[in-house]
Amino acid sequence: MADKLKEIWAKIQGWWNRFTARQKTIIIAIAAVVIFAFAILIYAISRPQYTRLGTYANTAESSEVVSILDDAGITHRESDDALTIEVVTDQLYQANLALGSAGIVSDMLKYGDFVNSSMSTTTSDRENQWQLYLQEQLRRTLKAQESVKEAWVVLTIPPQNGTLAASQEEASAWITLELDGNLSSSQAAGLARCVAASLGNATTANITIIDQESNLLFAGGDDYSAAGLANSLQELQNQAQAMVANQLKKVLYGTKQFDSIEVSSHLELDFSEYQEAVKEYYVNGDRTEGFLAHQDVFGSSSVNEGGGIPGTDSNDGENLNTYVNPDFGSSESTQDETSSDYLVNEKNTSKVTPAGGIVYDDSSLSIAMIRFREYREESVRAQGLLDGTSWEEFKEANRADVKLEVEQEYYQMAANATGISADRITILAYESPLFYDKEGMNVTGTDVLSIVMIVLILGLLAFVVLRSMNFKKEVQDEEELSVESLLQSNPEDMLETIDVETKSDTRKLIEKFVDENPEAAASLLRNWLNEDWE
């Protein structure tokens, strides 16, 4: 392993020594710049981002907040005056929770953060600063809503020049919401009313709200205009139809008999509001009348008796009647009167039926159900259905949808699930074929070309590797020549190739041979000298 590492290191040194000093300097400079740029990029990406948690009135409050953050293990930093505290953006939520649990509310929006009064501040500057403050306040209020992820507010506040017309002119607001869910028309109208109240507007006529996809959520005055009312009623009808369709789909899919079910409903909604007042009287148990509350009883009787003798005998003789008195005797009369007041139970019922109720007798349903029948080429061929025909011809012959007879139970199920009468429900069912071809290699021309390119690249790499191995073997064979062969060669030619300044491999071998065998080297030297003299 050590020899392999030395060999790799030698190759690296050989590659590096091929460059000149200038080229080496350029390479080192470029590498340093690249490494430095990567270091800056990594630092910028990995550096924690901080968000302002709050600015506090004095250091006592800020130190208390710092202690709470330290106990919660939240990374933070303070400004030079120790009044403004920032926390890592990812830990802002935990920081607010920690402060809330300790009874400290993070600082609210402050007017002083947007208004800077000085000797050079004009009235126009103050109005612009006030407008910025209102925009930020409304943005935070809207963003706090559950279905709003982000909000952008643009206000147009009319200038106040002291005239009555200017004081009665209402401000306008253009609001863009990034939604994190659904926002109904009624919710949008509620937000518009809040914005109008914040601006001091009497109406929402100048408030416009859209979402991030430019869908109009609220047009000015939708809460009282005919268009806004129609939009709300239409939304109510759409919600009712969607609710009925979802409930019915859930029931029909539960049968596991069909693969695709579509439901369309026409619901007749009654948008009239009804009020009903009912007053009922009744008695408890088996009584025929209520309890006696008051009774008056009156009774009287009279008797008349006696009289004179009939005729003129009873006259006194002085005042004589000139008419005849009839006979008379005694009389008797009786009178009884009773007045009774009874208490009965009284029940008052007041019933208010809100608008938007479904009129089931006038509503209707349409249901389309599809059952897929799968044909796989392997299975069809195994069943012998392709004898005498091809797969394409079989598909063409069985491509048409087949209408199915719908059982009465489905009509009753839909009626029970929605409350709509079965005779106002239409159901169509079909069997639709699905054909699956036999899976093959599924090799395209692009795949073949890619394979050819890969084979060529691998072949070229193999050729380069084999060529380098053969060249290395030849070099090793040349290096393994014996010292005797080198010494028996022409010494004059050998000495001419020896460079004094740079030692070749041959020279190194000769020096090594002389160091290890000085006597043999001296003998060879004597032989060369004798041959030269001869």
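Which residue in strand 3 is the bridge partner of Thr55? Keep that one in mind while we get our bearings. What you have in front of you is a predicted model, and a good place to start is the small sheet that Thr55 belongs to.

Three strands make up this sheet: 3 strands in the order 1-3-2, forming an open sheet with antiparallel pairing. Strand 1 covers 50–55 and strand 2 covers 76–78, and these two stand at the edges. Each of them has a single partner strand, so one side of each is left without a neighbour in the sheet. On average, neighbouring strands here are turned by 30° against each other, if you ignore direction. As for what holds such arrangements together, strands of a sheet pair through backbone hydrogen bonds, either parallel or antiparallel.

Now zoom in on one of those pairings. Strand 3 spans residues 84–88, and its antiparallel pairing with strand 1 runs over 5 bridges. Here comes the answer to the opening question: Thr55 has Thr84 as its bridge partner in strand 3. The sheet has company too, since helix 3 (residues 59–72) packs on it and touches strand 1, strand 2 and strand 3. The direction of helix 3 makes about 15° with that of strand 3.

Just before strand 1, have a look at Pro48, which sits in the loop between helix 2 (21–46) and strand 1. Is Pro48 buried or exposed? Neither, quite: with a relative accessible area of 41%, Pro48 counts as partly exposed. From Pro48 to Val88 is 40 residues in sequence, yet their C-alpha atoms are 6.3 Å apart in space.

Next, move along to a pair of helices. Two packed helices are described by the angle between their axes and the distance between the axes. Helix 5 (residues 123–143) packs with helix 7 (residues 185–199) at an angle of about 155°, and their axes are 11 Å apart. That angle is over 145 degrees, so helix 5 is roughly antiparallel to helix 7. Their crossing is right-handed. Which residues make the contact? Helix 5 brings Leu134, Leu138 and Leu142, while helix 7 brings Leu191, Val195, Ser198 and Leu199. Sorted by character, the residues of this contact come out as 6 nonpolar, 1 polar and no charged.

Helix 5 also holds Lys143, which is partly exposed at a relative accessible area of 37%. Leaving out residues up to four places away in sequence, Lys143 touches Val148, Lys149, Glu150 and Ala151. Lys143 and Leu179 are 36 residues apart in sequence, and 9.5 Å separate them in space, C-alpha to C-alpha.

Further on, strand 8 (residues 260–266) shows a neat alternation of side chains. Ile261, Val263 and Ser265 point to one face and are buried, while Ser260, Glu262, Ser264 and His266 point to the other and are not. Strand 8 runs antiparallel to strand 15 (residues 364–376), and 7 bridges join the two. One example is Glu262, whose bridge partner in strand 15 is Ala368.

Our last stop is Glu377, in helix 9 (residues 377–382). Its relative accessible area is 11%, so Glu377 is buried. Who surrounds it? Setting aside neighbours within four places in sequence, Glu377 is in contact with Leu386, Trp391, Tyr436, Asp437 and Lys438.

Terms used:
Residues numbered from 1 in each chain as written. Predicted model: local features only at pLDDT ≥ 70, side-chain atom pairs only at ≥ 80, totals over all residues. Heavy atoms only, no water. Pairing = 2+ DSSP bridges. Helix = DSSP H or I, 4+ residues; strand = E, 2+ residues; numbered from the N terminus. Axes fitted to C-alpha atoms, helices over the stretch in contact; angles between N-to-C directions. Contact = heavy atoms within 4.5 Å. Parallel < 35°, antiparallel > 145°, perpendicular 65-115°, else oblique. Left-handed = near helix turned anticlockwise from the far one by under 90°. Nonpolar A, V, L, I, M, F, W, Y, C, P; charged D, E, K, R; others polar. Buried < 20%, exposed > 50% of the residue type's maximum accessible area, 1.4 Å probe, protein only.
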